Amino acid sequence: MSHSVNIRGGRIVDPSSGRDETGDVFIADGKFAASPAPGAVEIDVRGLVVCPGFIDMHVHLREPGHGAKETIETGTKAAAAGGFTSVVAMPNTNPVADHPGIIAWMEERAAQFGAVNVFTTGAITVGSQGEQLAPIGAMANAGIVAVTDDGRCVQNHEVMRRAAEYCGLFGLPILDHCQDASTAGAEAMMHEGYWSTVLGLPGWPRMAEEIIVARDALLSEATGTAIHCQHLSAAGSVRILREAQSRGVRLSGEVCPHHIALTDESLAGYDTSFKMNPPLREQSDIDALLEGIADRTIGILATDHAPHAVYEKEVEFAAAPFGIVGLETAVGIFCEILLHRCRVIDLPRLVAMLTINPARLLNLDRGTLAAGAPGDVTILDPQREWTVERETFASKGRNTPFHGWKLRGRAVRTIVGGRTAWHLEA
Amino acid sequence: MIWTRKDLIALSELSAEEIVFILDTAAEFKGVGQRRLKKVPSLRGKTLVNLFVEASTRTRTSFELAAVRLSADVVNITATTSSLSKGESLKDTAKNLEALAADLIVLRHSAAGAPQFLAERLQAGVINAGDGSHEHPTQGLLDVFTMRERLGRVEGLKVGIVGDIRFSRVARSNIWALTKLGAEVILIGPPTLVPREFERIGARICHRLDEVLPELDVVNLLRIQHERQKAGYFPGTGEYASLFGLNAARAARLKAGALVMHPGPIHRGVELDGSVADGPHSVILDQVTNGLAVRMAVLYLCGSVALKEEA
């Protein structure tokens with residue numbers, strides 16, 4: 001199959017170079033080229049936007065161990081269908097990816113079955129138990145791009161400090177699921193506020209996130225290691241992040257679609273499609289997150305794609321696992337809210353948050369259309385109207401809170417290394 | 001009015017008119033319990049399942065007796081005897097009960113939202129007998145029934161609810177019913193057990209029992225659970241009793257005719273002194289009697305709708 005393609009006549013938006021103009025993009029043998037390759041596939045994208053391939057740096061592919069929820073194959077197909085050319089896989093698999101052997105297995109599976117690029121992460125601590133450092137150096141050799149105990153959070157600050165110091169040796173960033181266990185409490189299921197009070201569900205207060213964001217600011221400042229706060233949900237986290245960044249601390253943050261699209265009121269019917277960690281919060285939190293996006297405090301958009309089997313979610317609220325799928329709805333939600341509804345940022349900014357910003361944090365040679373870089377492209381139609389239909393998902397997961405939503409903005413073609421991984425049927 | 005609900009899940013979703021309608025129906029059923037022949041044929045030939053996934057003796061007994069007095073056939077299922085303890089999902093248990101043609105299911109469950117989960121999936125009527133910290137609607141109704149019966153009205157009453165408000169489904173059902181019917185609700189307890197969010201539901205919060213005691217028409221004392229002490233919500237039952245216990249000295253400051261209530265089981269010496277529990281203000285046993293009438297009314301009303309839908 002040809003890995004050469006000439007993409008003609010689109011609006012080229014490449015924030016890595018500041019380029020925003022109508023023109024052609026060429027991929028020769030899987031890499032961006034300055035001139036058209038002979039015998040390349042011709043694609044006419046007039047009226048569409050040509051972007052560097054989107055990167056989702058927060059995805060649960062569930063393999064090894066949870067194949068009923070998702071596999072590397074189905075998860076990467078979902079990524080392609082959502083416009084993502086690269087995903088970063090979280091290590092909370094079974095067994096936990098805390099060892100180079102598991103990383104190597106995942107890399108091999110991804111090479112064999114992946115519809116898009118898969119980048120691996122390794123656990124910070126053995127079994128993500130928060131006690132003993134995992135073999136980070138050996139995992140770095142095996143190819144991880146970051147360490148994280150996502151799904152859990154290292155509670156012992158000294159362990160986290162050692163992890164940050166040790167990661168400096170390999171230039172690896174730490175991705176932190178910011179959750180203070182004592183203030184969140186073992187039973188917490190939703191945002192602590194009016195709705196948790198009405199529904200009688202144990203609350204997860206904002207401070208449970210903010211305390212750890214503040215801790216991470218101190219640790220990043222002290223060690224110089226980049227710490228990235230995952231799936232931010234609380235207003236105070238944005239303030240802490242902003243303050244730290246103003247002093248040059250290498251603390252960054254990401255926002256997921258649901259945390260800017262929904263509030264805790266959505267839980268009024270005990271629908272487990274709205275149960276995730278961190279939880280949906282209040283409008284004032286959404287406002288703070290949008291402000292953080294607008295003033296660049298938050299530079300990265302991600303999904304926290306967390307598929308579960310239908311039978312796992314169709315249970316009483318307390319028994320349901322946390323998490324929702326996101327790969328196939330994220331671009332639509334981000335376009336709808338950030339570009340059209342709230343007009344928080346313009347298109348080049350949106351593209352940067354999905355491409356060069358995560359690429360820089362994770363030291364990936366992607367997120368750019370520069371000649372020589374891997375030929376990953378997302379063709380975007382920011383005006384395209386569509387309706388979310390969960391039964392059409394490529395993911396195994398159906399656990400979306402957005403079923404039936406009408407959105408404006410969708411990826412229409414996903415090109416990975418010069419090869420079309422997915423395109424929208426006309 | 002015409003009753004249209006097959007389920008009773010939460011008082012938060014009922015209108016004032018619906019609540020009053022249940023209370024009026026319960027008043028009629030109360031007469032049945034005072035007859036020599038304590039039975040009416042309203043649910044004859046119908047099957048009620050008491051599905052108690054969380055332990056309870058008095059609520060289950062009350063529902064069972066209510067169903068028996070309506071001539072229904074009753075099956076009791078408790079967590080330890082059911083397949084739920086073998087890992088069967090609530091959904092499958094419910095579908096099995098429906099396959100066995102249960103007409104009404106009374107559900108007690110530790111998970112908030114479990115009755116709604118069943119109600120959305122079953123044709124049978126589902127009655128919430130307490131779900132986690134969410135609601136205990138028949139308890140709320142029987143409390144309001146008792147106040148109305150004893151004091152002649154609900155509107156304008158000042159009702160103090162004392163204790164573990166944070167985790168209490170009884171408190172929530174009381175707050176909804178009372179505020180909808182025009183009573184003033186004052187929540188009393190330490191800040192750890194009385195979160196500020198309750199103000200947004202329409203209740204007033206006071207952390208000192210002695211300040212408000214003389215103005216109250218009703219004092220509803222909630223059971224204090226030892227697990228809360230272990231979890232650090234208050235230092236100990238001794239300190240709790242000294243600050244919030246209704247002892248004889250405090251009871252002496254009650255208004256004449258004020259009611260002392262408790263959903264039971266009571267801790268004598270903690271929430272209230274034995275002399276107060278057995279004293280002239282106490283209507284704790286009236287609550288038990290009225291609970292039966294209220295549950296008969298609820299089973300009768302929801303049962304009629306559920307049966308009509310089946311037909």
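Two residues are in contact here if their C-beta atoms, placed from the backbone, lie within 7 Å. By that rule, and leaving aside neighbours within four places in sequence, Ile105(B) touches Val49(B), Leu51(B), Leu97(B), Leu118(B), Leu122(B), Ala124(B) and Val126(B). The model is predicted. This briefing starts from strand β3 of chain B, which spans residues 104–109. It then turns to the nonpolar core and to the two domains of chain B.

**Strand β3 of chain B**
- β3(B) is mostly covered, with 6 of its 6 residues buried.
- Leu104(B), Val106(B) and Arg108(B) point one way from the strand.
- Ile105(B), Leu107(B) and His109(B) point the other way.
- Both sets are buried, Arg108(B) and His109(B) included.

**Strand partners**
- β3(B) pairs with strand β1 (residues 47–52) of chain B in the parallel sense, over 5 bridges.
- Within that pairing, Phe52(B) has Arg108(B) as its bridge partner in β3(B).
- β3(B) also runs parallel to β4(B), and 5 bridges join the two.
- Here Leu104(B) stands opposite Gly125(B) of β4(B).
- Helix α4 (residues 114–121) of chain B completes a β-α-β unit with β3(B) and β4(B), and the unit is right-handed.

**The nonpolar core**
- The largest nonpolar core has 241 residues.
- Two β3(B) residues, Leu104(B) and Ile105(B), are among those with the most contacts inside this core.
- Ala297(B) and Leu299(B) are also in that group, as are Val50(A) and Leu289(A) from chain A.
- α12(B) gives the most to this core, with 12 residues.
- Domain 1 (11–136 + 291–310) and domain 2 (137–288) of chain B both contribute residues, so the core lies between them.

**The two domains of chain B**
- Chain B is divided into domain 1, made of 11–136 and 291–310, and domain 2, made of 137–288.
- Taken over C-alpha atoms, the centres of domain 1 and domain 2 of chain B are 26 Å apart.
- Their contact takes 21 residues from domain 1 of chain B and 22 residues from domain 2 of chain B.
- On the domain 1 side, α1 (16–33), β4 (125–131) and α12 (284–310) of chain B each supply at least two residues.
- α1(B) gives the most to that side, with 5 residues.
- By class, the domain 1 side has 9 nonpolar, 8 polar and 4 charged residues.

Notes:
Residues numbered from 1 in each chain as written. Chains lettered and ligands numbered in written order. Predicted model: local features only at pLDDT ≥ 70, side-chain atom pairs only at ≥ 80, totals over all residues. Domains from an automatic or database assignment. Helix = DSSP H or I, 4+ residues; strand = E, 2+ residues; numbered from the N terminus. Nonpolar A, V, L, I, M, F, W, Y, C, P; charged D, E, K, R; others polar. Buried ≥ 20, exposed ≤ 12 C-beta atoms within 10 Å, placed from the backbone. Pairing = 2+ DSSP bridges. Right-handed = clockwise from strand over helix to strand, strands pointing away. Core = buried A, V, L, I, M, F, W, Y, C linked by C-beta atoms within 7 Å.
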